[in-house]
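Please look through the structure below slowly, and keep the sequence beside it as you read. The paragraphs that follow take a few places in turn.

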Amino acid sequence: MSKIIQKSRRKFIKNAALVAVAPTILSMEQQKKSTIIHHVFFWLKEPGEANAKELIKGLQTLKAIPQVKKLLVGVPASTEKRDVVDNSFHVSELMYFDSVKDQDAYQVHPVHQAFVDQYSHLWERVVVYDMVTEG
């Protein structure tokens, strides 16, 4: 077999192998994608069902922000009392973002700014935990 044919054959086999493996490599890259999770805990100035419901209503408006991939809003669960459980907060929200850049855009988005302006009178304390997941 001539050297030209051997080189062409090797090149063909190499390219065919790359084409066969490409979907697996892309799938692995997609699995490595991380998520930014933004978890916020609110303590109300005046605890009570009416103020909690008002804050929850305001938090629900944040769904309109395109960078928010998922939004969960709730109140403390009546789970077993243990030393490691802190259920002293009144309302909490949990958001998912695709990137830190998206979370940054959320912070300055007009809907978020309006939420802070309209509802911040309800809370006396806010604690935020942000994390990045390992894909």
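A residue is called buried when its relative accessible area is under 20%, and exposed when that area is over 50%. This is a predicted model, and in it Gly58 has a relative accessible area of 0%, so that by this cut-off Gly58 counts as buried. Gly58 has its place in helix H2, which covers residues 49–60. If neighbours within four places in sequence are left aside, the residues in contact with Gly58 are Phe115 and Tyr119. Along the chain, Gly58 and Val116 are 58 residues apart, yet their C-alpha atoms are separated by 9.0 Å.

We turn next to helix H3, made of residues 100–108, whose buried residues are Asp102, Gln103 and Tyr106. Seen down the axis of H3, these buried residues fall within an arc of 100°, and therefore they line one face of the helix. On the other side of H3, by contrast, Val100, Lys101 and Val108 are exposed. What do the buried residues of H3 pack against? They pack against two strands written before H3 in the numbering, E1 (36–44) and E3 (91–97), as well as against helix H4 (110–119) and strand E4 (123–132).

Helix H4 holds the last residue to consider, His112. With a relative accessible area of 10%, His112 is buried, because this value lies under the 20% cut-off. Leaving aside neighbours within four places in sequence, His112 is in contact with Leu62 and Ile65, and also with Tyr106 and Gln107. Tyr106, one of these contacts of His112, is also among the buried residues of H3.

Methods
Residues are numbered from 1 along each chain as its sequence is written. This is a predicted model: local features need pLDDT of at least 70, side-chain atom pairs count only at pLDDT 80 or more; totals for chains, interfaces and linings use all residues. Side-chain values use heavy atoms; hydrogens and water are left out. Helices (H or I, at least four residues) and strands (E, at least two) are DSSP runs, numbered from the N terminus. Buried means under 20% relative accessible area, exposed over 50%, partly exposed in between (1.4 Å probe, protein chains only). Contact means heavy atoms within 4.5 Å. The arc is that of the directions from the helix axis to the C-beta atoms.
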